[in-house]
Amino acid sequence: MIWHGSIMRAIFYIFLASIFMTSSSFSAQNPAPLVVILLGPPGAGKGTQAAILRDQFHLPHISTGDLLRDQLRRGTELGVRAKDFMDKGHLVPDHLILDMLFERVKSTDCALGYILDGVPRTIPQAEALQTRFQGKVELVVINLDLSDREIIERLTKRVSCEKCGTPYHLLYSPPKTTGICDKCQGKLIQRVDDTETVIVKRLRVYHKQTSPLIAYYTKLGLLHSVRCDQPKEKVFAQVVAHLPKR
Ligand code: AP5
C-alpha cells in the first residue's frame, strides 16, 4: 500500500513538472505582444522611424495622423469632424482618437504587436492605453527629440506619398523622380498642415498637451530618449538598441 502511494505521488509530481515545463516553454516561445510608442514633436521623424521598424520587425505601423487622413479622403463622418482640428493644427478630441485606434488594433495583424506613431498625445490618451495594456503587452516608449528650429526646416520641405504615406525631404531624402514615390509610384504631395503658420501652432500644442507625456512615461520607467538631429539610419540604430531582443 505504502509502495503504491509513493508511485502515485511520483506520477503526480512528474505530471505537475510536465505542465510547468510546457507552459514555461510556451511563454518563452510566445512572448507578450510588443508595443512600441514613438513619442515626439511634429516632424521629429516618428513616421520615418516607424516605417523602418515596420519593415524590419514585421509589425504594423499605426499612425493616428494617417488613419485620420484616410477617413478624410473617404469622406467619413469622423473624417469630416477631424478636418477642422487638423487643418488648424489642433488635436482631435481624445474619444474620437481612442475609438478609432482601439478599432484598428482589434485586427489580427496586431496580434504580435504594433508600432504607435503620434498616439498617445495627451495624458488621458496615455491613461486609456495603460488601462488597456496593463500586464498584457511589453511596452517600450521612445521619445524622438528635436529642436523647434530643425522641425520647421524639416516640415516646410517635407512631401509625402498620397498613396502609401512614405515621407521624403526635398533636401535630405529626396525622391529619385521629382513628385513620384520611390516605393509605389504614387503622387507626392505637401500636407495642408505643413505651412509655417500651422507648424508653429502644432508646436505650441505639442509643448502644452503632448510633452507632459515625457514625465508621465519617465515616472513609469518606460521612457528612452533618442536625439534626432542625425541621419535617420543613426537614429534607427539607437531606437533599436532600446527594443527587447526576441
Ligand atoms: P500626424 O500626422 O501624427 O503629424 P505629426 O505628429 O505632427 O507628425 P508628422 O507626421 O508631421 O511628423 P513625423 O514625426 O512623423 O516626421 P516625419 O517622419 O514625417 O498628425 C497630424 C494631425 O492629426 C495632428 O496635428 C492632429 O490634428 C491629428 N492627430 C493625430 N494623432 C492625434 C492624436 N493622437 N490625438 C489628437 N489628434 C491627433 O519626418 C518629417 C520630415 O523630416 C520628413 O520630410 C522626413 O523625410 C525628414 N526626416 C525624418 N528623419 C530625418 C532625419 N533623421 N534627418 C533628416 N531628415 C529627416
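The following questions and answers examine how the terms applied to this predicted model are justified.

This is a predicted model, in which local features need pLDDT of at least 70 and side-chain atom pairs count only at pLDDT 80 or more, while totals for chains, interfaces and linings use all residues. Residues are numbered from 1 along each chain as its sequence is written, and side-chain values use heavy atoms, with hydrogens and water left out.

Q: What makes a residue part of the group that surrounds the ligand, and how many residues are in it?
A: A residue is near a molecule if one of its heavy atoms lies within 4 Å of it. 36 residues surround the ligand, and the closest are Thr48, His90, Arg121, Arg158 and Arg202.

Q: What makes the pair formed by threonine 48 and the ligand a polar contact?
A: A polar contact is a pair of N or O atoms within 3.5 Å (within protein, one must be able to donate a hydrogen and the other to accept it, and residues adjacent in sequence count only if both atoms are side-chain atoms). An N or O atom in the side chain of threonine 48 is 2.6 Å from an oxygen atom of the ligand, so the pair meets the limit. Backbone N or O atoms also lie at 2.8 Å from a ligand oxygen in glycine 43 and at 3.1 Å in glycine 45. Taken alone the ligand exposes 1000 Å², of which the protein buries 95%; accessible areas come from the Shrake-Rupley method with a 1.4 Å probe, and for residues only the protein chains shown count as cover.

Q: Which helix supplies the largest share of the shell around the ligand?
A: Helices (H or I, at least four residues) and strands (E, at least two) are DSSP runs, numbered from the N terminus. H3 gives the largest share, four residues. Helix H2 (46-57), helix H3 (64-73), helix H7 (148-156) and strand S6 (167-169) each supply at least two residues.

Q: What makes strand S2 (61-63) and strand S8 (223-227) edge strands?
A: Two strands pair if DSSP finds at least two bridges between them. Five strands form an open sheet in the order S2-S3-S1-S4-S8, with parallel pairing, and S2 and S8 each pair on one side only.

Q: How do you know that S2 and strand S3 (residues 113-117) pair?
A: Three bridges join these parallel strands, and the definition asks for at least two, so they pair. Isoleucine 62 stands opposite leucine 116 in S3.

Q: Why do S6 and strand S7 (188-189) stand at the edges?
A: The open sheet of three strands has the order S6-S5-S7, with antiparallel pairing. S6 and S7 each have a single partner strand, so one side of each is left without a neighbour in the sheet. Strand S5 (residues 158-161) and S7 pair over two bridges, and the partner of serine 160 in S7 is isoleucine 189.

Q: What makes the peptide bond from valine 119 to proline 120 noteworthy?
A: The bond is cis, with omega near 5 degrees, and proline 120 lies in the loop between S3 and helix H6 (123-133). Most peptide bonds are trans.

Q: What is the sign of phi in histidine 58, and where is this residue placed?
A: Phi is near 55 degrees, a positive value in a residue other than glycine. Histidine 58 is placed in the loop between H2 and S2. Most residues other than glycine have a negative phi.
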